[in-house]
Amino acid sequence: MKIVIAGSAKLQNEINKWVEYWNNQKNCSVLNYPKEILAEDEEKMYPKVHKKFFEDIAEADILFVANEDKKGITGYIGAETFAELSYGLILKTIYKKDIKLILAKRPSKEVACYDEIVLWEKFGWIDEIIN
């Protein structure tokens, strides 16, 4: 199974644990995951990195959202991660791609997209929430 891990690039320790988990314990092939871009490289790297990330989501069997706690918010999902999750949902619902959408945690009500996540889970569009 091919997997893309989405989440905050600022949480590299947590992301690295998930990469190891999916590669070693779940025997998946991690195609892509968040990597921090240095501020001085952002203008040059950001468009290329994000284009490749979305291309890899389109190739994946699983889009896993590593929504770890951040800024004191449980199950944090930022704008970019929500955009990636939305893209996975579009692939699944509009283009009938067989892609599983999995979240690490149930986000708290403080997360801006909380209501959408609850609704998507209700509709069966979110395949699993691990914790």
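Trainee: How many disulfides are there in this predicted model?
Mentor: A disulfide is a covalent bond between the sulfur atoms of two cysteines. The rule applied here asks for a pair of cysteine sulfur atoms within 2.5 Å. In this predicted model, the count of disulfides by that rule is zero.

Trainee: Is C28 buried or exposed?
Mentor: A residue counts as buried when its relative accessible area is under 20%. The value for C28 is 9%, so C28 is buried.

Trainee: What is the relative accessible area of C113?
Mentor: The cut-off for a buried residue is under 20%. C113 meets this condition and is buried, because its relative accessible area is 6%.

Trainee: Which residues of α1 are buried, and where on the helix do they lie?
Mentor: Helix α1 covers residues 12–25. Its buried residues are I15, W18, V19 and W22. Seen down the axis of α1, these residues fall within an arc of 105°, so they line one face of the helix.

Trainee: Which residues are exposed on the other side of α1?
Mentor: The buried residues of α1 include W18 and W22. The other side of this helix carries exposed residues, namely N13, K17, E20, N24 and Q25.

Trainee: What distance does α1 reach from its first C-alpha to its last?
Mentor: Helix α1 has 14 residues, and at 1.5 Å a residue a span of 20 Å is expected. The distance in the model is close to that expectation, at 19 Å.

Trainee: Within what arc do the buried residues of α4 fall?
Mentor: Helix α4 spans residues 114–122, and its buried residues are Y114, I117 and W120. They line one face of the helix, because their directions seen down the axis of α4 fall within an arc of 130°.

Trainee: Which exposed residues does α4 carry on the face turned away from its buried side?
Mentor: The buried side of α4 includes I117 and W120. On the face turned away from that side, the exposed residues are D115 and K122.

Trainee: How many salt bridges does the structure hold?
Mentor: Side chains of opposite charge can pair when their charged atoms come close. A pair is accepted as a salt bridge when a side-chain nitrogen of Lys or Arg is within 4 Å of a carboxyl oxygen of Asp or Glu. The number of salt bridges in the structure is seven.

Trainee: Which residue forms a salt bridge with D56?
Mentor: D56 is found in helix α2, and D56 is buried at 7% relative accessibility. Its partner is four residues apart in the same helix, so the two are separated by about one helical turn. That partner is partly exposed, at 43% relative accessibility. With the closest N and O atoms 2.8 Å apart, the residue paired with D56 is K52.

Trainee: How many residues apart are D127 and K92?
Mentor: The side chains of D127 and K92 meet in a salt bridge, at 2.4 Å from N to O. The pair links distant parts of the chain, with D127 in the loop between α4 and β5, K92 in helix α3, and a separation of 35 residues.

Trainee: Which of these is buried, D127 or K92?
Mentor: Buried means under 20% relative accessible area. D127 has 38% and therefore counts as partly exposed. At 16%, the residue that counts as buried is K92.

Trainee: Which residue meets E121 in a salt bridge?
Mentor: E121 lies in helix α4 and its partner in the loop between β4 and α4, so the pair ties together parts that are 15 residues apart in sequence. E121 is partly exposed, with a relative accessible area of 30%, and its partner is partly exposed at 42%. The side chains meet at 2.5 Å, N to O, and the partner is R106.

Trainee: What accessible area do I90, I94 and Y95 have together?
Mentor: I94 is located in the loop between α3 and β4. I94 is exposed, because its relative accessible area is 57%. With I90 and Y95, I94 forms a nonpolar patch on the surface, and the accessible area together is about 350 Å².

Trainee: What distance separates the C-alpha atoms of A112 and K97?
Mentor: A112 is placed in the loop between β4 and α4 and is exposed, with a relative accessible area of 80%. A112 and K97 are 15 residues apart along the chain, and their C-alpha atoms are separated by 26 Å.

Methods: Residues are numbered from 1 along each chain as its sequence is written. This is a predicted model: local features need pLDDT of at least 70, side-chain atom pairs count only at pLDDT 80 or more; totals for chains, interfaces and linings use all residues. Side-chain values use heavy atoms; hydrogens and water are left out. Buried means under 20% relative accessible area, exposed over 50%, partly exposed in between (1.4 Å probe, protein chains only). Patches are made of residues with over 30% relative accessible area and no salt bridge: like charges are joined within 9 Å, nonpolar side chains (Val, Leu, Ile, Met, Phe, Trp, Tyr) within 5 Å. Accessible areas come from the Shrake-Rupley method with a 1.4 Å probe; for residues, only the protein chains shown count as cover. The expected span of a helix is 1.5 Å times one less than its number of residues. The arc is that of the directions from the helix axis to the C-beta atoms.
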